[in-house]
Amino acid sequence: MPKQFLSPRNDLIFKLLFGDERSKEILTDFLKSVLLIPHEDYDTITILDPHLLPDYKDGKLGIIDVKLQTKSGKIINIEIQVEHIPQMRERVIFYDAKMVTEQIGASENYEKIKKVISIIITNHEFIEKSPKYHHRFTLYDADNKVEFTDTIEIHTLELPKIPSDSDGTPLWDWMKFLDAKNEEDLDMAAVANTQVSNAVIRLKELSADERTRMLYESRIKMERDIYSITKGKEDAAEKRGMERGLQRGMERGIQQGRNEGIQQGMTAGKITIARNALKMNIPIADIVKLTNLTPEEIESLLP
């Protein structure tokens, strides 16, 4: 490899690997390693717009990494989170609820609702009470061990919990690929699984592509800017809160600073990525996928 490989844990690279129409075989194999749904459901996979539309003015607009629909209509969201995000569980529930409610209009029947599945991959421990790296959650009565419905299904995959030795499952192969720290790790992950091997080849192609590296570096810079802005606002908010001597006020100030900082950093970073992509003559449709900006926002950046 001419240059160090780009991490598949980066959300941009993850999107290019699994959210590309040309990579459906890779995507399908990964899904089969996680989900227990009929294999014929993968015969037709449609990659969807990752934006979750707000259902009222100024409502929250969710953005997920890879969103797709299976042959029978199941909606699947795949998201990778490198850093810990406060209220992550609430965020997942919000996104899943959006994916349910956006399926029906005011006059349509509930029977139209199709199953919604979220796959959340974290680079940190998420389910603290369990040593397992894969969990499946549905609406479930824990006391009587009865499932209410699996219309909403949440899978969590935690990279730090992967056992060092293979457990004999294809999912372990994929997790080792996502957790790769160097080229040797990549090559070892590719040995036992053909589609993982194809993913390694694709990752090496992306790593050797100068345009992708530029976008990757822009995304890394955006993440650093977000951290810097957020940290500064957190510190300022915490100081104001301490001076007031009110714990509740301090927590509210910290959260407000975090939210404002993340929003400002993400907007600036996405604009930088979009401008770099336009200079490289990347189609606007592809830039939309990379940045989640609207086509109109991207076109406004044209010289």
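Biologist: Is Asp20 buried or exposed, and what is its relative accessible area?

Modeller: Keep in mind that this is a predicted model. Buried means under 20% relative accessible area. Asp20 falls below that cut-off, so it counts as buried, with a relative accessible area of 14%.

Biologist: Which residue forms a salt bridge with Asp20, and how far apart are the closest N and O atoms?

Modeller: The partner is exposed, with a relative accessible area of 69%, whereas Asp20 itself is buried. That partner is Arg22, and the closest N and O atoms are 2.7 Å apart.

Biologist: Where do those two turn up again, and what is the volume of that pocket?

Modeller: Look at the second largest pocket, which 25 residues line. Among those closest to its centre are Asp20 and Arg22, along with Leu16, Asp286 and Leu290. Helices H1, H6, H7 and H9 and strand E4 each supply at least two lining residues. As for the space in this pocket, it comes to about 640 Å³.

Biologist: How many residues of each class, nonpolar, polar and charged, are in that lining?

Modeller: Asp and Arg count as charged, and Leu as nonpolar. Sorting the whole lining of the second largest pocket that way gives 10 nonpolar, two polar and 13 charged residues.

Biologist: How do strands E7 and E8 run, and how many bridges join them?

Modeller: These strands form a hairpin with four residues between them, and Lys145 in the turn has a positive phi of about 55 degrees. One pairing to look for is Phe137 with Ile154 in E8. The strands run antiparallel, and the bridges that join them number seven.

Biologist: Which salt bridge ties E7 to E8, and how many residues apart in sequence are the parts?

Modeller: Arg136 and Glu147 form a salt bridge, with the closest N and O atoms 3.6 Å apart. Arg136 is in E7 and Glu147 in E8, so the pair ties together parts that are 11 residues apart.

Biologist: Which residue forms a salt bridge with Arg202?

Modeller: Stay within helix H6, where both partners lie, three residues apart, about one turn of the helix. The partner is partly exposed, at 45% relative accessibility. With the closest N and O atoms 3.5 Å apart, the partner is Glu205.

Biologist: Which residues of helix H4 are buried?

Modeller: Seven of the nine residues in H4 are buried, so the rest of the structure largely encloses this helix. The buried residues are Leu171, Trp172, Asp173, Trp174, Met175, Phe177 and Leu178.

Definitions and conventions:
Residues are numbered from 1 along each chain as its sequence is written. This is a predicted model: local features need pLDDT of at least 70, side-chain atom pairs count only at pLDDT 80 or more; totals for chains, interfaces and linings use all residues. Side-chain values use heavy atoms; hydrogens and water are left out. Buried means under 20% relative accessible area, exposed over 50%, partly exposed in between (1.4 Å probe, protein chains only). On a 1 Å grid over the protein atoms alone, a cavity is a set of points where a 1.4 Å probe fits but cannot get out, and a pocket is an open set with protein on both sides within 12 Å along at least five of seven lines; lining residues have an atom within 4 Å of a point. Grid points are joined across faces, edges and corners, and a volume is the space filled by probe spheres set on the points. Two strands pair if DSSP finds at least two bridges between them. A salt bridge is a side-chain nitrogen of Lys or Arg within 4 Å of a carboxyl oxygen of Asp or Glu.
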